[in-house]
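Trainee: Please take me closely through one part of this model, and tell me how its pieces are put together.

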Amino acid sequence: MRQFYPLKVKDIRQETADCVSVAFAVPQEEAETFQFIQGQYITLRTTISEEEIRRSYSICSSPLDEELRVAIKRVPDGRFSTFANRQLQVGDTLDVMPPDGRFYTTVKAENEKHYLAFAAGSGITPVFSIMKTILQAEPKSKFTLFYGNQRTESIIFREDIEALKNTFLNRLSVYYLLSQEHTGSDLFSGRIDRDRCQVFFKHLVQLNQIDECFLCGPEEMILGVREELLANGLQREQVHLELFGTNAGKRKKQEVNVADSDFQSEISIQLDGNSFSFTMTNPQESVLDAALRNGADLPFACKGGVCCTCRAKVEEGEAEMAVNYALEPDEVEAGFVLTCQTHPKGDRLVVNFDA
Ligand code: FES
């Protein structure tokens, strides 16, 4: 069930000058609820200056660590991330929604795969969890990571990654790129982009030996790298994407194609076996916002079409999404929507959060 649970902060570790990792104490009775898969995220909720704030953060620990830990990098004007970096203390309680997300692949001990990952900045968080898990749980698999940062001191988990390299000498390769510091090589001084990928794929990685790729970072980076991977023969289903540091919440939403005049739509929401109905009269409002305004307690986090927490299925009626960074084409085909981005197109819409 997508509801919040109060969890105590068990440990806070300063990872870099502007990034902390926060571990939670999970009570025995909630252990199953908070079991996670490498690459997933949790949504945190707290009240700051009398305003409820929710943010999703990727889990940086591995399921094998038996610890639930997220990394929170402070972003300029980020209220939650500033609070977490400057005020949060061990022993404080935060509301935490159980792990969610599909940025992972199934790990099997008998696999003999070569995984490739590109991460930028805090985009390392889920990739680090995935990398640790695969290296430990798949003894015959290899992992190659390209990791972009501004400067050496801003590299999150640098020591842990170096320790992993020492432990898995022949199975882990890591290439660091720095955008604001010269590394002694033009190829690694700058951002991860398509041009550099062309050189990487020519000289450093043989893409025909890569089984799966994980891309996590800003939109421009992950979409650019994906294009290059697809152009070089990888299939879409081999490439897993997780969008980080997006401006999605701030971006101008794509115009939603519904007429404004005399708009009225009967909305029925199904959640946890219950049904809740209301009338929408503003076609520019999302189904999620309208439902929340009408008193429904629905799961959401980013409200930017990124995290997928607000996913539900349209059971009746027609709707369209303004943006979608989270759902795969087959899910959209099957009728799933991100309700924070969804606008009804007709006079009736039934949306099922239990589907
Ligand atoms: S709340 Fe994150 S995608 Fe809708």
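Mentor: What follows is a close look at one sheet, and then a shorter look at the rest of the chain.

The model is predicted, so to speak of local features a pLDDT of at least 70 is needed and side-chain atom pairs count only at pLDDT 80 or more, while totals for chains, interfaces and linings use all residues. Residues are numbered from 1 along each chain as its sequence is written.

The part to examine is an open sheet of five strands in the order S13-S12-S18-S14-S16, with mixed pairing. Strands here are DSSP runs (E, at least two residues; helices are H or I, at least four), numbered from the N terminus, and two of them pair if DSSP finds at least two bridges between them. The edges are strand S13 (274–280) and S16, each of which pairs on one side only. Neighbouring strands are turned against each other by 35° on average, direction ignored, the axes being lines fitted to C-alpha atoms, for helices over the stretch in contact, with angles from 0 to 180 degrees between N-to-C directions.

Taking the pairs one by one, S12 (residues 265–271) runs parallel to S18, to which five bridges join it, and within that pair Ile-267 has Leu-349 as its bridge partner. On S14, S18 (residues 348–352) is joined by three bridges in the antiparallel sense, with Lys-313 standing opposite Asn-352. The pairing of S14 (residues 311–316) with S16 (residues 336–338) is likewise antiparallel, over three bridges, and there Ala-312 faces Val-337. In general, strands of a sheet pair through backbone hydrogen bonds, either parallel or antiparallel.

As for the rest of the chain, the domain assignment, automatic or from a database, gives domain 1 (5–100), domain 2 (114–243) and domain 3 (265–352). The C-alpha centres of domain 1 and domain 2 lie 24 Å apart, and their contact (C-beta atoms, placed from the backbone, within 7 Å) takes 15 residues from domain 1 and 15 residues from domain 2. On the side of domain 1 that touches domain 2, the elements giving two or more residues are strand S1 (5–16) and strand S5 (68–73). Beyond S5, Val-75 sits in the loop that leads to helix H1 (79–86). Val-75 is partly exposed, because 15 other C-beta atoms lie within 10 Å, whereas 20 or more would make a residue buried and 12 or fewer exposed, with C-beta atoms placed from the backbone.

Notes:
Contact = placed C-beta atoms within 7 Å.
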